[in-house]
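Open the model in your viewer and set the display to cartoon with side chains available on selection. The stops below go from pockets and cavities to cores, strands and single residues.

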Amino acid sequence: TCIRLLGKFCRVEPIIGMENPYHYRNKVQAAFGTTRAGRIISGIYQSSTHNIVAVDSCMTEDEIADRIIVDIRRLLRDFKMTTYNEVTGRGFLRHVLVKRGFQTGEVMVVLVTGTPIFPARNNFTRALLKLHPEITTIIQNVNDRYTSMLLGQNEKTLYGPGYITDILCGLRFRISAKSFYQINPVQTEVLYGKAMEFAELTGKETVIDAYCGIGTISLFFAQKAKHVFGVEIVPEAIADAKRNAALDGMDNADFAVGAAEDVIPRLYEEKGITADVVVVDPPRKGCDSVLLDTIAAISPKKVIYVSCDSATLARDLAYLCPKGYTIEKVQVVDMFPHTVHVETVVLLSHNKTNN
């Protein structure tokens, strides 16, 4: 699919695979429910439905996370606790989210509940920690809405600091329940390394990172750039990004909350901030056309586009090409082995720099 969609722009380099493509997911989430026979199950939703397919272990998921989820299911039974019913809006546990720092070994468990009332909370927490002393923080997140969103607005830390840290590309990152962090750290280092290679930073460049999350790409690039501006719509992620910059002693990275298509035009119009390199790593829906127009207006020498969806990537590349950009390189990285999904990093150069 990548070659079909992107080959018309530029030669697509051979895909970079993963040496050991198993148990690579550092984030595992499970939906909880009860069968008609009264048995508590946990697993994933069947495609296009809200029927839960029971899963105890998966070859792509972190093994410790899988074991924690199975033990939480047993504890529910022992504590006579209920699972949430989406139809009636009653019941307690909806989902469990486990995040593990592969480099640090720190483990976060998020219990997503349909109600803030948590019976036997302290005893349940103690019992879980006894089974899994490797857990470093436990959070209760309350989601009482009929929604496909996993996490609700309100959360309470039941144990530990309420976040974990991990090391990626030699930098330390603080990760909260709501912040986005790439799920395959091994291949993320490959992907970001390729993005850095494409950028060819000399230490004189200003870089804008349009979907910065907790600052992973921003801080990685800040090691070799003069200054980096990171933009992200999730306030918790920006709070993490600022703390991460402090953790890593980076004073040449600034972060702003807001939609990239709102903030970057403002940086340009109000503060005159332009960029030599713009990095975009958007969600599956791709970039907003206003953002692409702004990129064209500030005309950076290079645009590094990191994409998780080849179709929206092809659409956005077709939009940028007539605005003065040439696609130089396309590299695909197998970020999600045993699935159809890949990540792609593309280098676009402004035509004025090619002459």
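Start with the second largest pocket, which holds about 350 Å³ of space. The model is a predicted one.

**Stop 1: the second largest pocket.** Select G33, T34, I52, Y84 and N85, which lie nearest the centre of this pocket among its 16 lining residues. Then color strands β2 (27-34), β3 (40-45) and β5 (93-100): each supplies at least two residues of the lining. The largest share, three residues, comes from β2. By class, the lining of this pocket divides into six nonpolar, eight polar and two charged residues.

**Stop 2: the cavity.** How many cavities of 30 Å³ or more does a search of the whole structure find? The search finds one. About 80 Å³ of space lies in this largest cavity. To display its lining, select V28, Q29, A30, G43, I44, V55, D56, E61, D66, I69 and V70. Strands β2 and β3 each give two or more residues to this lining, and so does α2 (63-78). Keep β2 and β3 colored from the previous stop, since both strands also supply at least two residues each of the lining of the second largest pocket. The cavity lining has six nonpolar, two polar and three charged residues.

**Stop 3: the nonpolar cores.** In soluble globular proteins, nonpolar side chains tend to be buried together. Here the largest nonpolar core has 51 residues. Select V110, L201, V207, L219, F221, F255 and I304, the residues with the most contacts inside this core. Add helix α4 (residues 185-199), which gives the core its largest share, six residues. A second, separate core has 36 residues, including L5, I273, I295 and Y305. Go back to V110 and show its surroundings. Leaving out residues up to four places away in sequence, V110 touches H95, V96, L97, I139, N141, L151 and A177.

**Stop 4: strand β17.** Select residues 343-350, the strand β17. Are the residues of β17 mostly covered or mostly exposed? The strand is mostly covered, with eight of its eight residues buried. Turn the strand to view one side, where E343, V345, L347 and S349 are buried, and then the other, where T344, V346, L348 and H350 are buried as well.

Now add the pairing strands. β15 (residues 302-307) runs antiparallel to β17 and is joined to it by six bridges. I304 is a useful residue to pick in this pair: its bridge partner in β17 is L347, and I304 is also one of the residues with the most contacts inside the largest nonpolar core. Strand β16 (residues 325-333) also pairs with β17 in the antiparallel sense, over eight bridges. To see one position of that pairing, select V332 and T344, which stand opposite each other.

**Stop 5: a buried glycine and a buried proline.** G162 is in the loop between β8 (154-159) and β9 (164-168). Is G162 buried or exposed? The cut-off for buried is under 20% relative accessible area, and G162 has 11%, so this glycine is buried. Beyond residues up to four places away in sequence, G162 touches M108, T137, I139 and T157. I139 is also among the residues that V110 touches. For a distance check, pick the C-alpha atoms of G162 and A210: these residues are 48 apart in sequence and 27 Å apart in space.

Next select P265, in helix α7 (residues 260-271). P265 also counts as buried, because its relative accessibility is 11%. Its contacts, not counting residues up to four places away in sequence, are A260 and T294. The C-alpha atoms of P265 and D288 are separated by 12 Å, with their positions 23 residues apart along the chain.

**Stop 6: two residues with positive phi.** Most residues other than glycine have a negative phi. Which phi does H23 have? Its phi is positive, about 50°, although H23 is not a glycine. Find H23 in the loop between β1 (12-16) and β2. H23 counts as partly exposed, because its relative accessibility is 22%.

End at H338, in the loop between β16 and β17. Phi of H338 is near 70°, again a positive value in a residue other than glycine. With a relative accessible area of 54%, H338 is exposed.

Technical notes: Residues are numbered from 1 along each chain as its sequence is written. Side-chain values use heavy atoms; hydrogens and water are left out. Buried means under 20% relative accessible area, exposed over 50%, partly exposed in between (1.4 Å probe, protein chains only). Helices (H or I, at least four residues) and strands (E, at least two) are DSSP runs, numbered from the N terminus. Two strands pair if DSSP finds at least two bridges between them. A nonpolar core is a set of buried Ala, Val, Leu, Ile, Met, Phe, Trp, Tyr and Cys residues joined through side-chain atoms within 4.5 Å. Contact means heavy atoms within 4.5 Å. On a 1 Å grid over the protein atoms alone, a cavity is a set of points where a 1.4 Å probe fits but cannot get out, and a pocket is an open set with protein on both sides within 12 Å along at least five of seven lines; lining residues have an atom within 4 Å of a point. Grid points are joined across faces, edges and corners, and a volume is the space filled by probe spheres set on the points. Ala, Val, Leu, Ile, Met, Phe, Trp, Tyr, Cys and Pro count as nonpolar, Asp, Glu, Lys and Arg as charged, and the others, Gly among them, as polar.
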